[in-house]
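Thank you all for coming; I would like to take a few minutes to walk through one chain with you. Please have the model open in front of you as I go.

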Amino acid sequence: MPRRGLILQTRTHWLLLGLALLCSLVLFLYLLECAPQTDGNASLPGVVGESYGREYYQALLQEQEEHYQTRATSLKRQIAQLKQELQEMSEKMRSLQERKNLGANGIGYQGNKEQAPSDLLEFLHSQIDKAEVSTGAKLPSEYGVIPFESFTLMKVFQLEMGLTRHPEEKPVRKDKRDELVEVIEAGLEVINNPDEDDEQEDEDGPLGEKLIFNENDFIEGYYRTERDKGTQYELFFKKADLMEYRHVTLFRPFGPLMKVKSEMIDISRSIINIIVPLAERTEAFVQFMQNFRDVCIHQDKRIHLTVVYFGKEGLSKVKSILESVTSESNFHNYTLVSLNEEFNRGRGLNVGARAWDKGEVLMFFCDVDIYFSAEFLNSCRLNAEPGKKVFYPVVFSLYNPAIVYASQDVPPPVEQQLDSVQDTILHLA
């Protein structure tokens, strides 16, 4: 009996062991069936139905790397070729810069004194002769004018910014900064070492020494590029203790800088007739006259004001404002023209211009809501020339202070609200 129980116990043990092995086998097969795919069959995340292996990505990466290496090699080769061509061109042009008697006042670079090829020299002169820097061009409309960008020692003002971005570029890009520094240095070279044909007189300093200008005497400059001819530069220099300005015109005809003109400008006797067409806006006229009093009467003192008023309503108040300014500042250089007509800006400017009968004068066509400074008036005198050249300022401060400074109790002074002025010069035929 005990032996029979032992046999039964042994069989039960083996039966349980077999069941355990069977369960283990079933579990193993289940795990194999549910296991994720291997790297060789992995699907691209986000893409259903397409599988890419590791080899595919390695090949793609290698292909892109070879493409960029080829591109980099090509660019390096082009850069080397351009450097070689630039060096050859510089060697050909060194003599042009050294020999001022060849033509036309070349300036700048140091080098050997062999004569430049005559055909190259003729080409450079032909570019200058064809450009507007020498003679005016007849244009179909104002849209044909190539505008100037203005610059100082620290800033460049660009028209291409439009009204969406601030026109002031600061800091200036390195390539543009290097170009303008070279131009200013060339202008100083012209002023400090004048030629016999320069339209300027030798002037001595307070102690009798030769007057030397430096970069701190640079006031402002303008440049523009005619795409088929070259780049024109207009530079203005002034000593703080002198009344005269030095004006230098340079031209880069896709080659070295060349001097076009150097002259001295005396604006001490230049009168500006400010012509303002107006109708009803008496409150704006009050603010305009406040700025006029501070800038034109107290600082500049070489101004005549012409107000062309349309209609009868508000005319008495305008007369009262002008009489008040006269009594307070002893200012009598103004003309009030009354027209019983509907407001027309063009007609107002025309009538105001014809009202002047005291000889040659510069005319500033102004609006009643424009703020300007004494420096701007000097820019008008420097850049405008009767019968030859008209100065067009493009005002960028086009915004409503009531909106821009709505979060402030009191808007800042008007001098701090101004953005900047960019200048355009039109050479008349």
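Let me begin with how the chain is connected: among its contacts with a separation of 6 or more, 63% are between residues 24 or more positions apart, where contact means heavy atoms within 4.5 Å. Before going further, I should say that this is a predicted model, in which local features need pLDDT of at least 70 and side-chain atom pairs count only at pLDDT 80 or more, while totals for chains, interfaces and linings use all residues. Residues are numbered from 1 along each chain as its sequence is written, and side-chain values use heavy atoms, with hydrogens and water left out.

The chain has ten helices and 13 strands; these are DSSP runs numbered from the N terminus, with helices being H or I of at least four residues and strands being E of at least two. Of its 429 residues, 37% count as buried, and here buried means under 20% relative accessible area, exposed means over 50%, and partly exposed lies in between, with a 1.4 Å probe and protein chains only. The chain exposes about 27600 Å², and carbon and sulfur atoms supply 53% of that area; the areas come from the Shrake-Rupley method with a 1.4 Å probe, and for residues only the protein chains shown count as cover.

Let me turn to strand β8, residues 272–278, where seven of the seven residues are buried. In a regular strand the side chains alternate between the two faces of the sheet. In β8, Ile272, Ile274, Val276 and Leu278 point one way, Asn273, Ile275 and Pro277 point the other way, and all of them are buried.

Which strands, then, does β8 run parallel to? One is β9, residues 303–310, joined to β8 by seven bridges, and the other is β11, residues 362–365, joined to β8 by four bridges; two strands are taken to pair if DSSP finds at least two bridges between them. To give you a residue on each side, Ile275 has Thr306 as its bridge partner in β9, and Ile272 stands opposite Leu362 in β11.

The connection from β8 to β9 passes through helix α5, residues 282–300, and the three elements make a right-handed β-α-β unit, in the sense that, with the strands pointing away from the viewer, the path from the first strand over the helix to the second runs clockwise. In the loop between α5 and β9 sits Lys301, whose phi is near 65°, a positive value in a residue other than glycine, and which counts as exposed at 61% relative accessibility. Most residues other than glycine have a negative phi, and most peptide bonds are trans. A further positive phi, near 55°, is found at Asn330, in the loop between α6 (315–329) and β10 (334–339), and Asn330 is likewise exposed, with a relative accessibility of 60%.

I move now to helix α4, residues 174–192, whose 19 residues should span 27 Å at 1.5 Å a residue, and whose end C-alpha atoms are indeed 27 Å apart; the expected span is 1.5 Å times one less than the number of residues. Its buried residues, among them Leu180, Val183, Ile184 and Leu188, pack against β1 (149–151), β2 (156–157), β4 (218–226), β5, β6 (245–252) and β7 (258–265). Ile191, also in α4, is buried at 4% relative accessibility, and its C-alpha atom is separated by 8.9 Å from that of Glu263, although the two residues are 72 apart along the chain.

Glu263 also appears in the pairing of β6 with β7, as the bridge partner of His247. These two strands run antiparallel and are joined by seven bridges, and they form a hairpin with five residues between them, in which Phe254 of the turn has a positive phi of about 55°. Phe251, in β6, is buried at 0% relative accessibility, and its C-alpha atom is 6.1 Å from that of Tyr233, 18 residues away along the chain.

I will finish with Gln232 in strand β5, residues 230–237. Is this residue buried or exposed? Gln232 is buried, with a relative accessible area of 1%, and its side chain makes a polar contact of 2.5 Å with the side chain of Glu234. A polar contact here is a pair of N or O atoms within 3.5 Å; within protein, one must be able to donate a hydrogen and the other to accept it, and residues adjacent in sequence count only if both atoms are side-chain atoms.
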